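Trainee: Hey, got a minute? I've just opened this one and I'm not sure where to begin.

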Amino acid sequence: MAETKPKVTLIGKCLAEKGLEFVYEGQLAVCQTCKLLKVCHNLQPGKKYQIVEIRKNTDQDCPIHRDGICAVEVIEAPIVTLIPADRAILNSTVRYEPVCTKTDCRSYPLCHPDGIIEGEKYLVAKVLGNAPDVCEKGKNLKLVELRPV
């Protein structure tokens, strides 16, 4: 798998920490008139990102973030989730589809992790093992780490 090139974006200075993972939720109405709109909001809503570098001397004022913002380099973060065991093949590409919709299931957060987009393709980067709990619907599941393709 080729290394993904980091993307430069802006984030609140108090959040700018190497290794921080976050799900980009989109812009607020107040952002529409900001001169930094295109740099600050250049990520895909709903995806999970990880800060890999903090750029020095890039501080800017921001009406949203009290202490201002700064430039960071991000990559799409890996996502740990449950998928059917027959699809959990190392280095294979899968199109993410949630296993079930039973919201009161103990495994629901692993079947519907933050930052994954239904229908998108991901690489099975690691097979971490069996599901931590037995599937209430009787499905054979594996815990995997998915990376964006």
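Trainee: Let's start with L28: what is its relative accessible area?
Mentor: L28 has a value of 48%, so it's partly exposed. Buried means under 20% relative accessible area, exposed means over 50%, and partly exposed is in between, using a 1.4 Å probe and protein chains only.

Trainee: Where does L28 sit?
Mentor: You'll find L28 in the loop between β2 and α1. Those labels are DSSP runs numbered from the N terminus (helices: H or I, at least four residues; strands: E, at least two).

Trainee: Anything I should know before I trust the picture?
Mentor: This is a predicted model, with local features needing pLDDT of at least 70 and side-chain atom pairs pLDDT 80 or more, while totals for chains, interfaces and linings use all residues. Residues are numbered from 1 along each chain as its sequence is written, and side-chain values use heavy atoms, leaving out hydrogens and water.

Trainee: Cool. How many salt bridges does the structure hold?
Mentor: There are 11 of them. To count, a side-chain nitrogen of Lys or Arg has to be within 4 Å of a carboxyl oxygen of Asp or Glu.

Trainee: Show me one. What does K47 pair with?
Mentor: K47 bridges to E120, and their closest N and O atoms are 3.2 Å apart. The two come from distant parts of the chain, 73 residues apart: K47 belongs to the loop between α1 and β3 (48–54), and E120 to the loop between α2 (108–111) and β7 (121–130).

Trainee: And K47, is that buried or exposed?
Mentor: K47 counts as buried, because its relative accessibility is 7%. Its partner E120 comes out at 24%, so E120 counts as partly exposed.

Trainee: While we're in K47's loop, which loop holds G46?
Mentor: G46 is in the loop between α1 and β3 as well. G46 counts as partly exposed because its relative accessibility is 28%.

Trainee: How far is the C-alpha atom of G46 from that of Y24?
Mentor: Those C-alpha atoms are separated by 5.7 Å, although G46 and Y24 are 22 residues apart along the chain.

Trainee: Back to salt bridges. Which residue does D133 meet?
Mentor: D133 meets R106, side chain to side chain, at 3.3 Å from N to O. That pair also links distant parts of the chain, with their positions 27 residues apart: look for D133 in the loop between β7 and β8 (141–148), and R106 in the loop between β6 (93–95) and α2.

Trainee: Why does R106 count as exposed?
Mentor: Because R106 has a relative accessibility of 63%. D133 is at 27%, so it counts as partly exposed.

Trainee: One more pair? Which residue forms a salt bridge with E145?
Mentor: The side chain of E145 meets that of R147, 3.2 Å from N to O. E145 has a relative accessible area of 11%, so E145 is buried. R147 is at 24% and therefore counts as partly exposed.

Trainee: Which residues do shared salt-bridge partners join into one network?
Mentor: K47, E76 and E120. So as you look around, you can trace K47 to E120 and then find E76 in that network too.
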